[in-house]
Amino acid sequence: MKTRSEQYQRLEFTLGAFSDLGRHAVEAHEFSSAARSILYLLLGSVGVPRGALLGCDTGGRLYPAAVKGMRPGSLREMEAAALRAPSRAEIEELARCPEWIPSGEQRLPAPLRALAAEWGMAGILPLVVRGQLAGALLAGNCLNGRPPGEHERGALETLGPYAAMLLLQHALVEQLRAAVQENLRLCESLADTYFDTVQAFSTAIDAKDIYTRGHSLRVARYSSGLAARLGMPEKSSTGIRIGAYLHDIGKIVLDRTLLHKAGTLDDKERREMASHPLIGDQVLSSVHFPWPEVRAVVRSHHERMDGKGYPDGLTGAAIPLPARILTVADAFDAMTSERAYREPVPPHDALRELVECSGEQFDPGLVRAFLEQCRSEVEQAGGDGAPRKPGGLRVFAKLLRRTGDSLTTSAIDRLLRILGPVPIPQPA
Ligand SMILES: [Fe+2]
């Protein structure tokens, strides 16, 4: 028989241990060990070798959080039993009475009475905090074989609210976690819908010209791949991708016959064609994109490094980096796609054209990054007899599949040597 002083010491120790457990109850991955500690402390403080701790989630469902002194697998068996949940009225009734209830008593909800009988428990203590049921403690007989007496029940009722606080804290954190997950799922599905809509719109833009079908989607792949290779943040890369989908949106107002004209354009036609970046910028001026890259790409994708581009005649680094990226991707896809007046240019010849026009039309550092990306994919595909390597960013995969072995790593190395050691632009 423990003396009163020993019992107080044990209670004091248990209370101290509960305050240390608070932090662990919040961490989902540590909750099961925290719940076991709570149970062991509660039962240990009154010398009961067997019991179980049930938690109550914010939906009012009870679930087994920990067991002590039971056969292996009992936690899982109890999970199935706990599915026979008490009604909301029964839960509210338990919350009104945070006192020890012996197993056989009729005021115990039937599912809990059955659970206590099935597992040979002496009684149940509802764990309540601020009038809300946070869980329940199922306790067996004491070591002397008798049900917990007045002192033991009193000790459990004193400690109950501390255990309840930890269980409630965990339930609230879980509720918050579920709400955050749901919000993230909603955001993702909203973003998917948004991208699908913009993609569909880009298909509508390309569809005006039978020779540019799929052009915007391919340009988006090349540009976002290039942005990722430069180490641009994901948000910027997304902005560039959306900008690529919409870069020729201004062409939607141009006459179809102008877009399909096979011969050279006269001055008036050229001016009309050259108006599409400004028209596109005006069309998008009322749309509040969360990505500044979109309008930069739409307005400036026909600027040139030497200042001979349009609509603003910007030079070099004054041209926004997203637009410089798109210019390279746009030109490469335009060359490697079929046009009304010519067959597609082989990828190697298109890359050589990018190199030859570097500095005047294209940013040399971006051409180098583009060549290096292409080289690494050719190498991964086993080009030039190099061993196959898995993984990595795939920007040119479809083109390489379509054009077979026309590109080799040594051919790209030659182009890189011609280009020279130009620095690759660093994102701001
Ligand atoms: Fe354009």
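pLDDT is the predictor's confidence in each residue, on a scale from 0 to 100. The model you see here is predicted, so let us begin with how far to trust it.

**Exercise 1. Find out how confident the model is, and where confidence is lowest and highest.**

Step 1. Take the whole protein: the average pLDDT is 84, and 87% of the residues score at least 70.

Step 2. Now go element by element. Helix α1 (residues 4–26) has the lowest confidence, with a mean of 61, while α13 has the highest, at 96.

Step 3. Apply a general caution: where pLDDT is low, predicted coordinates should not be read in detail.

**Exercise 2. Describe the overall make-up of the protein.**

Step 1. Count the elements: the protein has 17 helices and five strands.

Step 2. Check burial: of the 428 residues, 38% are buried.

Step 3. Look at contacts between residues at least 6 apart in sequence: 64% of these join residues at least 24 apart.

**Exercise 3. Work out the order of the strands in the sheet, and which strands stand at its edges.**

Step 1. Walk across the sheet. This open sheet of five strands reads β2-β1-β5-β4-β3, and the pairing is antiparallel.

Step 2. Look at the two ends. β2 and β3 (101–102) each have a single partner strand, so one side of each has no neighbour in the sheet.

**Exercise 4. Take strand β5 and describe its surroundings.**

Step 1. Start with β1, which runs antiparallel to β5 and is joined to it by five bridges. Here G55 is opposite G135, and L54 has A136 as its bridge partner.

Step 2. Turn to β4. Seven bridges hold this antiparallel pair, β4 and β5, together, and G123 sits opposite A139 of β5.

Step 3. Add a helix: α4 lies across β4 and β5, at about 80° to β5.

Step 4. Draw the conclusion. Because seven of the eight residues of β5 are buried, this strand is largely enclosed by the rest of the structure.

**Exercise 5. Locate the largest nonpolar core and see which elements build it.**

Step 1. Recall a general tendency: in soluble globular proteins, nonpolar side chains tend to be buried together.

Step 2. Find the core. The largest one has 51 residues, and I124, A134, L137, L138 and A163 have the most contacts inside it.

Step 3. Trace its sources. Among the elements that each supply at least two residues are α2 (28–46), β1 (51–56), β4 (123–129), β5 (132–139) and α6 (150–207). The largest share, 10 residues, is from α6.

Step 4. Zoom in on A134. Beyond its neighbours within four places in sequence, A134 touches residues including C56, V129, A164, L168 and A171.

Step 5. Look elsewhere too: another core, apart from this one, has 43 residues, including A296, I319, V328 and V367.

**Exercise 6. Examine two unusual spots in the backbone.**

Step 1. Know the usual case: most residues other than glycine have a negative phi, and most peptide bonds are trans.

Step 2. Visit R130, in the loop between β4 and β5. The hairpin of these strands has two residues between them, and R130 takes a positive phi near 45° there.

Step 3. Is R130 buried or exposed? With 10 other C-beta atoms within 10 Å, R130 is exposed, since the cut-off for an exposed residue is 12 or fewer.

Step 4. Move to P311, in the loop between α12 (293–300) and α13 (321–336). The peptide bond between Y310 and P311 is cis, with omega about 10°.

Terms used
Residues numbered from 1 in each chain as written. Core = buried A, V, L, I, M, F, W, Y, C linked by C-beta atoms within 7 Å. Buried ≥ 20, exposed ≤ 12 C-beta atoms within 10 Å, placed from the backbone. Helix = DSSP H or I, 4+ residues; strand = E, 2+ residues; numbered from the N terminus. Contact = placed C-beta atoms within 7 Å. Pairing = 2+ DSSP bridges. Axes fitted to C-alpha atoms, helices over the stretch in contact; angles between N-to-C directions.
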